[in-house]
2 protein chains.
Amino acid sequence: MQKGIISLKTPVHVTAWAALGGKKEGEGPLGGRFDLTDPTDRFGEDTWEKSEAQMQKQALTLALRKKGYDPHDIDALFAGDLMNQCTSSAYGLLGFDIPFFGLYGACSTAAEGLILASLLLESGQFERTAAVSSSHYYSSERQFRFPVEYGGQRAPTAQWTVTGAGAFVLENAGSGVRVSEVLPGRTCDKGITDLNNMGAAMAPAAIDTLTRYFSESRYKPQDFDLIATGDLGYEGAKIVRDFMGEHGFDHNTKYDDCGLMIFNREQQDMHAGGSGCGCSASVLATYILPELQTGSLRHALLVGTGALMSPASVQQGQSIPGIGHLVHLEREAE
Amino acid sequence: MQKGIISLKTPVHVTAWAALGGKKEGEGPLGGRFDLTDPTDRFGEDTWEKSEAQMQKQALTLALRKKGYDPHDIDALFAGDLMNQCTSSAYGLLGFDIPFFGLYGACSTAAEGLILASLLLESGQFERTAAVSSSHYYSSERQFRFPVEYGGQRAPTAQWTVTGAGAFVLENAGSGVRVSEVLPGRTCDKGITDLNNMGAAMAPAAIDTLTRYFSESRYKPQDFDLIATGDLGYEGAKIVRDFMGEHGFDHNTKYDDCGLMIFNREQQDMHAGGSGCGCSASVLATYILPELQTGSLRHALLVGTGALMSPASVQQGQSIPGIGHLVHLEREAE
């Protein structure tokens, strides 16, 4: 019988985090909460790909600095991004000399990294791990759609790839926000082929994971101060809310999507909302974790969502598989 | 202090495996040991990308069948490949409904997957896991260099991407070949920029991992019946052998490289040898594991090597980072 929810009995804490954002992210509702935003989106580099790598480097540097850690204090890094061959992670984290596990979970990578980083701490095999992920609007547009110089028209259902990077330090010792449960996602494909509606392509995977979670868990949707999907945007979040109504979501369920939380949809004209590995990583580091540590949240569920297609697979007529990795975060009991 | 070698105290076994290969692999010295080779390299599909996905699907299906397992008997899948956005894994393993951890370790992915699959079994968090990886000559050439129809001339130092897929089932219970130690690799970049000499780019990472291993381990190079790097080919293997001479390799050290083992260099004209995620996965499944289970090997080290660049990073003038993930496999004591 396949394993379902994994409860972490040995406490695992997210003890430090940092996030960098670009211009639009800095202008959004969470803008003031980033450690650093760069209105040029360049982070000192001369290509967008190098800018994205630089964001990962700086995010991890800042997160380590908050705890006074040296890279050699970290036993393993779990990192990924959307670039072909995950080069933002490979190049951005090159100088740290930390054992490196490269991940590809598309936009779910932040949650995938947190799950692996947590499980290997709970087991005692590692004492301190870190997870890093990023995305960048300009590098993603160039790779997945068109270079922005082309001036392509965006579809109303299209999402805006977040220029953002998040780094998270996890430990057995210490205190902070606890990772109390994890549920790794399964790939799901419901036949969506529209590259301009990734929210709809990923929603079934989020629903699969949430349904599996609530059918097995002792918690109900109403027990959470926040249930956040990673980057479904307006289209996908609506599908989740509608469908999960049949599975315990009601008007008391505080459901939101990181892609809707990071931008102000009315004022910023971001079409269906934010997306990308940097979307959930940024919202986690600028809102969910800080609020769990000091503020209004006590229990939060993050379902990191990812769409696992490539431009080539779509050109060959294949539909878009999605995945949703779930992490249950909770404020440490006083 | 950063964690080094991880000894798996709770026994973890590789209990079943399967490998598929293409035409050249079928004609090579390990050809008769594949579960299936297809002289068309197509595996029934109409694009090379779909062929590669099909290989992953069939490899996992065959590996599960050898133990009579249903996909729902597997708690987690660790899978990756070289395609942009790792689509061979995402599409190939779509129908299995197994919690899915997408990896990108370039050609080191088989070893990266074995490490994670083993650690999460040793911890007791999972009972049964699987690792799958693949590469395909025609899909790789098209993506990384030129479509083969272009008829480009290959450099003498160039390697031949293996058309191969390997799937591995790992368990706490049962018996078979033991994973006794693992050492995750760190990214290394020694400034190599030649896309046609990946062996030289990856060799420093293999040397970093082997040096770390032998400086900490109670084993010496001579204690192993085989020390195999993943896909350094002729150029890279020569660098490892020369350099490791200063670190304990002598004429008694049985060092080889999967990229040299999979093809007959004299008869097959494969230039510097094989490469790709499918290279070490195939050699592991057709030679190393079978020989550990029944034959001539008792202790084997596999250092899965990977080059973490992309065509874009090389075009932007960046050098090629490498990584080497180490797995110590041993025959179960009688």
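Domain bounds in this report come from an automatic or database domain assignment. For chain A of this predicted model, that assignment gives domain 1, residues 6-171, and domain 2, residues 177-331.

**Domains of chain A**

The C-alpha centres of domain 1 of chain A and domain 2 of chain A are separated by 17 Å. Contact between the two involves 52 residues of domain 1 of chain A and 53 residues of domain 2 of chain A. On the side of domain 1 of chain A that touches domain 2 of chain A, helix α4 (residues 109-122) of chain A gives the most, with eight residues. By class, that side of domain 1 of chain A holds 26 nonpolar, 19 polar and seven charged residues.

**Chain A against chain B**

Between the chains, 51 residues of chain A are in contact with 51 residues of chain B. Several elements of chain A each supply at least two residues of the side that touches chain B: the helices α2 (48-67), α3 (87-92), α4 and α11 (311-315), together with the strands β4 (76-81) and β5 (100-102). The largest share of this side, four residues, comes from α4(A). By class, the side of chain A that touches chain B has 26 nonpolar, 17 polar and eight charged residues.

The make-up of the two contact sides is set out below.

| Side | Nonpolar | Polar | Charged |
|---|---|---|---|
| Domain 1 of chain A, touching domain 2 of chain A | 26 residues | 19 residues | seven residues |
| Chain A, touching chain B | 26 residues | 17 residues | eight residues |

**Helix α4 of chain B**

Helix α4 of chain B covers residues 109-122. At 1.5 Å a residue, its 14 residues should span 20 Å, and the end C-alpha atoms are indeed 20 Å apart, so the expected and modelled spans agree. The helix α4(B) is mostly covered, with 14 of its 14 residues buried. After α4(B) comes G124(B), which has a positive phi near 85 degrees.

**The surroundings of A272(A)**

A272(A) is located in the loop of chain A between α9 (265-268) and β12 (274-275). A residue is buried if 20 or more other C-beta atoms lie within 10 Å of its own; A272(A) therefore counts as buried, having 29 C-beta neighbours inside 10 Å. Apart from its neighbours within four places in sequence, A272(A) is in contact with T157(A), A158(A), Q159(A), G199(A), G233(A), Y234(A) and E235(A). M244(A) lies 28 residues from A272(A) along the chain, and the C-alpha atoms of these two residues are separated by 20 Å.

Methods
Residues are numbered from 1 along each chain as its sequence is written. Chains are lettered from A and ligands numbered from 1 in the order in which they are written. This is a predicted model: local features need pLDDT of at least 70, side-chain atom pairs count only at pLDDT 80 or more; totals for chains, interfaces and linings use all residues. Two residues are in contact if their C-beta atoms, placed from the backbone, lie within 7 Å. Ala, Val, Leu, Ile, Met, Phe, Trp, Tyr, Cys and Pro count as nonpolar, Asp, Glu, Lys and Arg as charged, and the others, Gly among them, as polar. A residue is buried if 20 or more other C-beta atoms lie within 10 Å of its own, exposed if 12 or fewer, and partly exposed in between; C-beta atoms are placed from the backbone. The expected span of a helix is 1.5 Å times one less than its number of residues.
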